[in-house]
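Me: Hi! I'm new to protein structures and would like to learn how to read one step by step. Could you guide me through this one?

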Amino acid sequence: MRVLKVLSALVLLLTAAALIYGFIGYHDARSDAPRLSARADNLIAGGRSGVDLGPKQLAKLLLVEDPGFVEHSGVDVSSAGGGLTTITQSLAKRVGFETFKPGIAKIRQTGYAIGLEHELSKDQILALWLDTLEMGPGPDGWMTGFFKASNTIYGKPPADLSDKEFLSLVAVLIAPSTYRLGEDDPKLEDRVARIERMVAGSCNPLGNGDVWLEGCRKD
């Protein structure tokens, strides 16, 4: 009985600590919001927002990266293929941490993401996310930013890309150091093909955790 009481107390203590750590992230996001909002507005004014991808291309990007983005409040663990990290949580990792280390930091990351959703618009969140994305190696070194990678690799903005070119940019997001944009890369081609099949409606991810789209692998 005594051991059970001790374990129960530890569980309550850990739960309280997690809630506090998450709230710290939420508070930090709200404190950072004015600066991030101004940065996002500059990106939007400069033509580097989600809208500037074009409606069809934006829909494809969200289908792959965060199917529930429009509806959720920062967290989504149910959408097929979405995985455990939403676009907002991904952004939180980049703007809310000097160095993000997986593990307990996920708690603060989630709180920060919820804070961002309370303070910023979806358009602002998307613009910041696109600008901070790791896109992998390019001809002049490591590339950061969706629009920058598009112009560096293809010499034009995302809205002017072919479907194959656009989906190649989307494909590298899951593991940017693994793929090589603008080169003959069979792994990247396979990833793009899976995305093409999903976008066409000929297959579906095998649940929330199927971020590699095994459900769309060619037999």
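Me: Let's start with helix α5: how many of the 11 residues of helix α5 are buried?

Reply: Happy to help! Please keep in mind that this is a predicted model. A residue counts as buried when its relative accessible area is under 20%. In helix α5, residues 122-132, 8 of the 11 residues pass that test, so the helix is largely enclosed by the rest of the structure. The buried ones are Gln124, Ile125, Leu126, Ala127, Leu128, Trp129, Leu130 and Thr132.

Me: Let me zoom in on one of them. Which residues does threonine 132 touch, not counting residues up to four places away in sequence?

Reply: Here a contact means heavy atoms within 4.5 Å. Threonine 132 belongs to helix α5 and has a relative accessibility of 8%, so this residue counts as buried. Setting aside residues up to four places away in sequence, its partners are Arg39, Leu91, Arg94, Val95 and Thr144.

Me: Now to another helix. Is serine 150 buried or exposed?

Reply: Serine 150 is buried: its relative accessible area is 0%. You will find this serine in helix α6, residues 146-154. Leaving aside neighbours within four places in sequence, serine 150 is in contact with Gly155, Lys156, Pro157, Pro158, Leu161 and Leu169.

Me: What about the opposite situation, at the surface? Which residues make the nonpolar surface patch?

Reply: Val75, Val77 and Leu84 make a nonpolar patch of about 280 Å². Take valine 75 as an example. This residue sits in the loop between α2 (55-65) and α3 (87-95). Its relative accessible area is 38%, and the label "partly exposed" covers values between the buried limit of 20% and the exposed limit of 50%. That is why valine 75 is called partly exposed.

Me: I'd like to try bonds next. How many disulfides does the structure hold?

Reply: First the general idea: a disulfide is a covalent bond between the sulfur atoms of two cysteines. This structure holds 1 disulfide. Cysteine 203 and cysteine 216 form the bond, with their sulfur atoms 1.9 Å apart. Both cysteines lie in the segment after α8 (186-199), so the pair ties together parts that are 13 residues apart in sequence.

Me: What is the handedness of the disulfide of cysteine 203 and cysteine 216?

Reply: To read that, look at the torsion about the S-S bond. For cysteine 203 and cysteine 216 the torsion is about 105 degrees, so the disulfide is right-handed. You can apply the burial test here too: cysteine 203 counts as buried at 9% relative accessibility, and cysteine 216 counts as buried at 1%.

Me: Let's step back to the whole chain. How many helices and strands are there in the chain?

Reply: The chain has 8 helices and 2 strands. Reading from the N terminus, their order is α-α-α-α-α-β-β-α-α-α. The radius of gyration is 19 Å, close to the 17 Å that the globule rule gives for 219 residues, so the chain is as compact as a globular protein of that length. Along its principal axes, the C-alpha trace spans about 65 × 45 × 30 Å.

Me: And what share of the 219 residues count as buried?

Reply: For the chain as a whole, 44% of the residues count as buried. The chain exposes about 11,500 Å², and carbon and sulfur atoms supply 57% of that area. For contacts, look at how far apart the partners are in sequence: among contacts with a separation of 6 or more, 55% come from residues 24 or more positions apart.

Conventions. Residues numbered from 1 in each chain as written. Predicted model: local features only at pLDDT ≥ 70, side-chain atom pairs only at ≥ 80, totals over all residues. Heavy atoms only, no water. Patch = residues over 30% accessible without salt bridge, like charges linked within 9 Å, V, L, I, M, F, W, Y side chains within 5 Å. Areas by Shrake-Rupley, 256 points an atom, 1.4 Å probe, with all protein chains shown as cover. Salt bridge = Lys/Arg side-chain N within 4 Å of Asp/Glu carboxyl O. Helix = DSSP H or I, 4+ residues; strand = E, 2+ residues; numbered from the N terminus. Buried < 20%, exposed > 50% of the residue type's maximum accessible area, 1.4 Å probe, protein only. Rg over C-alpha atoms; globule rule 2.2 N^0.38 Å. Disulfide = S-S within 2.5 Å.
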